[in-house]
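This report looks at a predicted model. It takes up salt bridges, the contact between chains, one helix and two individual residues.

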There are 2 protein chains.
Amino acid sequence: MFGAVIHAPGDVRYEERPDPTILEPTDAVVRTVAACVCGSDLWRYRGIAPVPKPTAIGHEFCGIVESVGDAVTGVAAGDFVVGGFNPSDNTCPVCRKGAQANCLHGDHYDGCQAEKIRIPLADGTLLKVPEPPADDLIPSILTLSDVMCTGWHAAVSAGVGPGTSVAVVGDGAVGLSAVLAARQLGASTVIAMSRHADRQAVAVGFGASHVVAERDEAGAAAVKELTEGIGADCVLECVGTEGARLQAAACVRDGGNIGLVGVPHGELPLGGLFWRNVGIKGGPAHVRSYLPHLLDLVLTRAINPGVVFDLELPLSRVAEAYAAMDERRAIKVLLRP
Amino acid sequence: MFGAVIHAPGDVRYEERPDPTILEPTDAVVRTVAACVCGSDLWRYRGIAPVPKPTAIGHEFCGIVESVGDAVTGVAAGDFVVGGFNPSDNTCPVCRKGAQANCLHGDHYDGCQAEKIRIPLADGTLLKVPEPPADDLIPSILTLSDVMCTGWHAAVSAGVGPGTSVAVVGDGAVGLSAVLAARQLGASTVIAMSRHADRQAVAVGFGASHVVAERDEAGAAAVKELTEGIGADCVLECVGTEGARLQAAACVRDGGNIGLVGVPHGELPLGGLFWRNVGIKGGPAHVRSYLPHLLDLVLTRAINPGVVFDLELPLSRVAEAYAAMDERRAIKVLLRP
């Protein structure tokens, strides 16, 4: 089979790789229906994270189960499934607390931008879609593999609930998903911080009540203007740079919370937040915890997170997908074999 | 009148000071019934925080209102009152969010280890005790001015709720109050980390289900032993040193929360907590938010936080109180004029 391999910064190739097989009795092999490129994949593509050797890449997918190991009981060949970017057994003490991203037996994929994928811990990781989904639902289902759950995680981590005011830093696919999540979780004010007209439009479609195009001090001032002069109850930081974290700290009210899902590059400055009683929580999303509810929202068409895909390419053109996202010509690229 | 003035590290004197008067129409003047020494006062006493000039000291009190300014409507001369260590108007947008420690118009006291105290923002700061309290309730009422509310704040900040497991780092008056708070908030496992038999006894009396005397790695291992091997859902850090913060990080489970109320000295290391999905929240306590509920618990004798006072001295011997706490001969010292 063929799949994407990153050889060096800027060098992603679609090349022949060994067919995945069942290695453990808890494995499944899935034939990919759709995959995509993540903002976090770009860290290596841009040379910010190292690429010590050629590595199969990708961690988002939905597809059809081709085979399962002897111990797998929750899914079977022929099932349409979606799974999170971080395989978890969903039964260990940490998973039982709802923190599946930190599963004691957590595992990883060997490259999901591929025609087939080996899924470790299949019972804990995969969720079966009850009926084969309509084709137009595929993009939204695919977002549940990462970005939609990650945006949701930012909102949950920051304690978004009915009546809260929320500001979202970052207008990539995760930030836009966070806007959608905040609205679904009952926020009354949802401020999308974005300078790009196309992304602003998606944010408004996802339920943003306000768009703030300014950044830095002017951006924080604009957020305060919309929140009784004090800042947002919850700020969702969906970028991962130090600048984004400082922007979040400037936009949150005293006593409020920052939900952090941008993969942090550099330290996390915290000092002054103690005196302001500002909370910080976040990390990799507990996808398996959120999947059932979010899949239900997608299948009933209550949410349409697949709108974040503004470019679709054949999987064989995965290198173009990276380039398009790197050059910000696309928010997020969907790939089909 | 007389009151305590810190002149330099190790040098607290009981000396004549001007009688406080109503300076603003929102002020009250309170005649002190009881005051006390805070662990945070020791930072200056020990020379860790600076003492640039002789300064009236103390921020915990209960007493009887002597006079009020024209704008004060909530309390009147003769009322027995308790107030938090951080005056707040309780009406600004931040206070209305329950974050009174960060009141937009927040103020401070001019030394509460004194016979009389000027209380700014009296309506927002003071809570009237409905009846003059029995003398044996005075210590518990006094704890509401700081330590009991601060322990409560640690628990609230860490999300302690029914069924959670909690570890408390620090066995000073705040740590012990945090044990009591965790139990009141429904925690099913409450682990007090303490090496001192007298403090362990108070912790058990306050509802600790377990005591861990070990520290560092051994302490974290003991906490994990009691929490399915994964660490506590919530860790309450009630010291403020870097060592205490690292201990907290080692004791919390992935996906859990650290409640931080020890006044931080040094930076707050956070880096690795992102990948572990560990939340951090805390700061100065929102006393005015917690006071009504906690006063009710004290007056109905549901809780008895005054047990943390293991030494009582006349206010005139305030210097001895500092020495006793500095030398750890007392957990906390109550002072009466």
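## Salt bridges in chain B

B:Glu327 is partly exposed, with a relative accessible area of 47%. The side chain of B:Glu327 forms a salt bridge with B:Arg329, and the closest N and O atoms of this pair are 2.8 Å apart. B:Arg329, with a relative accessibility of 55%, counts as exposed.

A second pair is formed by B:Arg17 and B:Asp110, whose closest N and O atoms are 3.6 Å apart. This salt bridge links distant parts of the chain, since B:Arg17 belongs to the loop between strand S2 (11-16) and strand S3 (28-36) of chain B, while B:Asp110 belongs to the loop between helix H2 (93-96) and strand S7 (116-119) of chain B, 93 residues apart. B:Arg17 counts as buried because its relative accessibility is 13%, under the 20% limit that defines the class, whereas B:Asp110, at 53%, counts as exposed.

In a third pair, B:Arg31 and B:Glu66 form a salt bridge with their closest N and O atoms 3.7 Å apart. B:Arg31 lies in strand S3 of chain B and B:Glu66 in strand S5 (residues 61-68) of chain B, so the pair ties together parts that are 35 residues apart in sequence. B:Arg31 is partly exposed at a relative accessible area of 40%, and B:Glu66 is likewise partly exposed at 33%.

The three pairs can be set out together with a salt bridge between the chains.

| Salt bridge | Closest N to O |
|---|---|
| B:Glu327 and B:Arg329 | 2.8 Å |
| B:Arg17 and B:Asp110 | 3.6 Å |
| B:Arg31 and B:Glu66 | 3.7 Å |
| B:Lys97 and A:Asp233 | 3.0 Å |

A search of the whole structure finds 38 salt bridges over all chains. In chain A, salt bridges link A:Asp19, A:Arg31, A:Glu66 and A:Lys116 in a network.

## Where the chains meet

The two chains touch through 39 residues of chain B and 39 residues of chain A. About 3,100 Å² of area is buried between chain B and chain A, and carbon and sulfur atoms give 59% of it. B:Lys97, B:Phe274 and B:Asn277 supply 23% of the area that chain B buries against chain A, more than any other three residues.

Across this interface the rule finds 4 salt bridges, and it also finds 19 residue pairs in polar contact, counted where both residues are at pLDDT 80 or more. The elements that give two or more residues to the side of chain B that touches chain A are H2, strand S13 (252-260) and strand S14 (279-282) of chain B. Strand S13(B) gives the most, with 6 residues. By class, this side of chain B has 18 nonpolar, 12 polar and 9 charged residues.

What surrounds A:Arg253, a residue in strand S13 (residues 252-260) of chain A? Not counting residues up to four places away in sequence, A:Arg253 touches A:Ile230, A:Gly231, A:Ala232, A:Asp233, A:Arg276, A:Val278, B:Lys97 and B:Ala99. A:Arg253 is buried, with a relative accessible area of 8%, and a polar contact of 2.6 Å joins its side chain to that of A:Asp233. The side chain of A:Asp233 also meets that of B:Lys97 in a salt bridge, at 3.0 Å from N to O.

## Helix H7 of chain B

In helix H7 (residues 197-205) of chain B, the residues B:Arg199, B:Val202 and B:Ala203 are buried. Because they cover an arc of only 100° around the axis, they are on the same side of H7(B). An α-helix has 3.6 residues a turn, so residues three or four places apart point the same way. The face of H7(B) turned away from the buried side carries the exposed residues B:Ala197, B:Ala201 and B:Gly205. The cover over the buried residues of H7(B) includes helix H6 (173-184) and strand S10 (189-193) of chain B. H7(B) is followed by B:Gly207, whose phi is positive, near 110°.

## A buried loop residue in chain A

A:Asn86 lies in the loop between strand S6 (80-83) and helix H2 (93-96) of chain A, and with a relative accessible area of 13% it is buried. Leaving aside neighbours within four places in sequence, A:Asn86 is in contact with A:Ala101, A:Asp107, A:Tyr109, A:Pro284, A:Ala285 and A:Val287. The C-alpha atoms of A:Asn86 and A:Gly106 are separated by 7.0 Å, although these residues are 20 residues apart along the chain.

Terms used:
Residues numbered from 1 in each chain as written. Chains lettered and ligands numbered in written order. Predicted model: local features only at pLDDT ≥ 70, side-chain atom pairs only at ≥ 80, totals over all residues. Heavy atoms only, no water. Buried < 20%, exposed > 50% of the residue type's maximum accessible area, 1.4 Å probe, protein only. Helix = DSSP H or I, 4+ residues; strand = E, 2+ residues; numbered from the N terminus. Arc of directions from axis to C-beta. Contact = heavy atoms within 4.5 Å. Buried area = accessible area lost by both parts, 1.4 Å probe. Polar contact = N/O pair within 3.5 Å; in protein donor to acceptor, adjacent residues only side chain to side chain. Nonpolar A, V, L, I, M, F, W, Y, C, P; charged D, E, K, R; others polar.
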